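Me: I would like to go through some of the labels attached to this structure and ask what lies behind each of them. Please set the value against the definition each time.

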Amino acid sequence: MEQSKKTSFDFYMLPLVLAVAVVPLLTMMTAYSSGIGKYTWASGGSFVDFFLGFKRGALILLGAVIIILFCAAQWMRVQAKAVWTTKNQKIVLILLAVFWGVTAISALLADEKIDALFGGFEQMEGILVVTAYVALFCLAYFLLSSENKIQVIVHALLIGSLILSVLGALQAFDVTTPFFTMFMHTLPKKFNGITASFGKGVSYATLYNPNYVGSYVALVLPLTIYEAVQDEKNRYKIVAAA
């Protein structure tokens with residue numbers, strides 16, 4: 001890997017920055033119908049989503065853009081007869097293709113194919129979102145060629161996690177409840193009856209489920225501790241420590 005002291009931000013890094021720093025923060029209140037209403041164990045087929053649907057749409061859009069740009073870039077390399085993969089990279093691509101292929105087969109064999117494609121009730125990571133994850137992985141694996149570029153993504157993650165942390169802390173101390181209640185009074189009639197059912201002192205941030213917050217913390221906390229100690233820029237040390 002190249003090591004460079006020069007600070008740079010290439011356009012192709014923008015989807016990665018958005019994925020790690022912005023997508024987790026996205027929320028939008030929407031009503032949707034689910035096919036589970038036909039089953040006897042389901043209480044209905046119409047639901048309201050606030051946390052997951054907008055994230056799903058953003059990831060699918062990012063994935064589509066990455067795939068188009070990646071294919072165009074590789075086509076140009078092939079036309080120029082340039083070598084674009086090493087032996088190790090080909091192995092990674094093969095394993096990645098196997099993973100995606102098995103996932104696609106699972107989606108094709110699913111009884112609820114629409115849910116398998118777009119995601120379903122409270123589980124909105126269908127095959128399209130998995131494809132977006134694969135595209136983001138390829139972008140990072142093939143194009144983040146220097147330590148400096150990786151650091152840009154890490155810094156974006158730190159800023160996004162700081163925002164989530166502040167929001168989670170406010171929820172933990174029950175500071176946001178009055179604002180949430182005020183917001184609920186302004187909702188359209190089709191959203192009447194929606195309440196914050198997580199209870200007082202529970203941090204869910206914009207990730208919907210407190211368990212998701214726990215997973216997020218487990219992923220980000222070791223990195224933030226390292227950055228708080230080792231980052232060369234004091235402002236990012238402060239962000240990481242916070």
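Me: What makes the pair formed by the side chain of K55 and the backbone oxygen of T206 a polar contact?

Reply: A polar atom of the K55 side chain lies 2.6 Å from the backbone oxygen of T206, and a polar contact is a pair of N or O atoms within 3.5 Å, one able to donate a hydrogen and the other to accept it (residues adjacent in sequence count only if both atoms are side-chain atoms), so the pair qualifies. This is a predicted model, in which local features need pLDDT of at least 70 and side-chain atom pairs count only at pLDDT 80 or more, while totals for chains, interfaces and linings use all residues. Residues are numbered from 1 along each chain as its sequence is written, and side-chain values use heavy atoms, with hydrogens and water left out.

Me: Why is K55 said to have no salt bridge?

Reply: The nearest side chain of opposite charge, D49, is 7.8 Å away, whereas a salt bridge needs a side-chain nitrogen of Lys or Arg within 4 Å of a carboxyl oxygen of Asp or Glu, so the pair does not count. K55, which is found in helix α2 (residues 53-79), is nevertheless buried, a word that means under 20% relative accessible area, with exposed over 50% and partly exposed in between (1.4 Å probe, protein chains only).

Me: Where does D49 sit in strand β2?

Reply: D49 belongs with F47 to the covered face of β2 (residues 46-49), while S46 and V48 make up the uncovered one. The bridge partner of D49 is T30.

Me: How do you know that strands β1 and β2 pair?

Reply: They are joined in the antiparallel sense over four bridges, and two strands pair if DSSP finds at least two bridges between them, so the condition is met.

Me: Why is the aromatic pair of F137 and Y141 called stacked?

Reply: The search of the whole structure finds seven aromatic pairs. For F137 and Y141 the values are 5.7 Å centre to centre and 10° between the planes; rings of Phe, Tyr and Trp (its six-membered ring) pair if their centres lie within 6.5 Å, and planes under 30 degrees apart count as stacked, over 60 as edge-to-face and the rest as tilted, so the label follows. The two residues are four apart in helix α5 (residues 127-143), and therefore separated by about one helical turn.

Key
Lys, Arg positive; Asp, Glu negative; His and termini not counted.
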